[in-house]
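Colleague: Please take a close look at the charged side chains in this model, and at how they pair or gather. After that, add a short account of the strands.

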Amino acid sequence: RTDEEKAQQNAKESLYLVSEYANEYFQKILHKTDQGKAIGLSYFKERGFTEETIKKFQLGYALDEWQAFTDDALGKGYKLEFLEQTGLTIVKDQKRFDRFKGRVMFPIHSMSGRILGFGGRILTNDKKAAKYVNSPESEIYNKSKILYGIYESRQSIFKDDLCILVEGYMDVLQFHENGIKNVLASSGTSLTEDQITLISRLTSNIVLLFDGDTAGVNAALRSTDMILEKGLNVKICSFPEGEDPDSYVKDNKKDKTLDFINNNSKDFIEFKLSFYNEDLKDEDKKVDVIKSVIKSISKIPDRLKQEVYIKKCS
């Protein structure tokens, strides 16, 4: 390898080391400080998470102080440039701020368990602050290439030969808490080709779960075509009005939730027909719905599978 490549590799390694350190720091703050226990830990317990889930997902807390984390990291000899590149510290002129100040922390792991970045959720009702903040893109973190929960859920997905795809961190945690462990979240971004490829290393079966609002439905339909294009099998399951995966599994526990998913998962044809049910009464709109179904079928690379769906559609 050239010197330049070596330097690049070393810099990348430094970003990993800073992220690992931050992850340990945030966990320590959550479990060992008064502020962490009173604010962060009590929030996770309120959401119904046991110590086991909190430790398994390495959840943490960032002190509600402007540069507590940055000062600690610099004191331990970590370089400011790497703190800035991972986005843990924001540098403005001579000032330095902790990006995740006052937030509960969700580390984002790679498939092999390395820390790539973080999501942080604010707990106060500050109208000006974003509810969730994520690490910015960096040499090690590319949000379109990773899914939340991949490290913790990979074995179950492989074993069950099925991946349940949800929207947010809380959905993943709540499912694990209730014993359903083959679940991943796209964490607020629309599904990408890289993410589908990642899932395809573990299973070729995906069930998309989402809240029943229109934005959710449109996102699910976009994702469906991409999944079909990659040659995977996909079903779609929407929750009753006012319910989301997090609240549903919390109230109904494992068996009822799995029954609900099994009984309400539809393939893309059934889903489109039931979602656009009203439109089917109008001849012109009916043509659009059929076109949309055919467009999805055309994405399937496997000819035999295409045949099956064409028969079903007709």
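Modeller: The side chains of Glu270 and Lys312 form a salt bridge, with N and O 3.1 Å apart. This pair links distant parts of the chain, since Glu270 sits in helix 11 and Lys312 in helix 13, 42 residues apart. The model is predicted, and the distances here are computed from its atoms.

Glu270 is partly exposed, at a relative accessible area of 35%. Lys312 also falls in the partly exposed class, at 39% relative accessibility.

Lys312 has a second partner: its side chain meets that of Asp267 in a salt bridge of 2.4 Å, N to O. Lys312 belongs to helix 13 (residues 303–313), while Asp267 is in the loop between helix 10 (245–264) and helix 11 (268–275), so this contact ties together parts that are 45 residues apart in sequence. Which class does Asp267 fall in, buried or exposed? Asp267 is buried, with a relative accessible area of 7%. The cut-off for that class is under 20%, so Asp267 meets it at 7%. Lys312 thus has salt bridges to a loop residue, Asp267, and to a helix 11 residue, Glu270.

The search of the whole structure finds 13 salt bridges. Another of them joins Glu51 and Lys55, whose closest N and O atoms are 3.6 Å apart. Here the partners are four residues apart in helix 3 (residues 51–56), so about one helical turn separates Glu51 from Lys55. Glu51 is partly exposed, with a relative accessible area of 31%. The pair belongs to a network of salt bridges that links Lys45, Glu51 and Lys55.

Other charged residues gather in surface patches. Patch members have no salt bridge. A patch of negative charge on the surface is made by Asp282, Glu283, Asp284 and Asp288. Of these, Asp284 is in helix 12 (residues 283–298). Asp284 is exposed, at a relative accessible area of 61%. The cut-off for exposed is over 50%, so Asp284 qualifies at 61%.

Lys56, Lys159, Lys181 and Lys254 form a positive surface patch. Lys181 is placed in the loop between helix 7 (169–177) and strand 8 (183–185). With a relative accessible area of 33%, Lys181 is partly exposed. Membership of a patch requires over 30% relative accessible area, so Lys181 passes at 33%.

Now the strands. Strand 4 (residues 103–109) is mostly covered, with seven of its seven residues buried. On what does strand 4 pair in the antiparallel sense over seven bridges? The partner is strand 5 (residues 115–122). Within this pairing, Phe106 has Gly119 in strand 5 as its bridge partner. Five residues lie between the strands in the hairpin of strand 4 and strand 5, where Gly113 takes a positive phi near 100 degrees.

Strand 4 is also joined to strand 1 (residues 60–61), by two bridges, and these strands run antiparallel. Tyr61 has Val104 in strand 4 as its bridge partner. Strand 4 therefore pairs with strand 1 over two bridges and with strand 5 over seven. In a regular strand, side chains alternate between the two faces of the sheet.

Notes:
Residues numbered from 1 in each chain as written. Predicted model: local features only at pLDDT ≥ 70, side-chain atom pairs only at ≥ 80, totals over all residues. Heavy atoms only, no water. Buried < 20%, exposed > 50% of the residue type's maximum accessible area, 1.4 Å probe, protein only. Patch = residues over 30% accessible without salt bridge, like charges linked within 9 Å, V, L, I, M, F, W, Y side chains within 5 Å. Areas by Shrake-Rupley, 256 points an atom, 1.4 Å probe, with all protein chains shown as cover. Salt bridge = Lys/Arg side-chain N within 4 Å of Asp/Glu carboxyl O. Lys, Arg positive; Asp, Glu negative; His and termini not counted. Charge placed at Lys NZ, Arg CZ, Asp CG, Glu CD.
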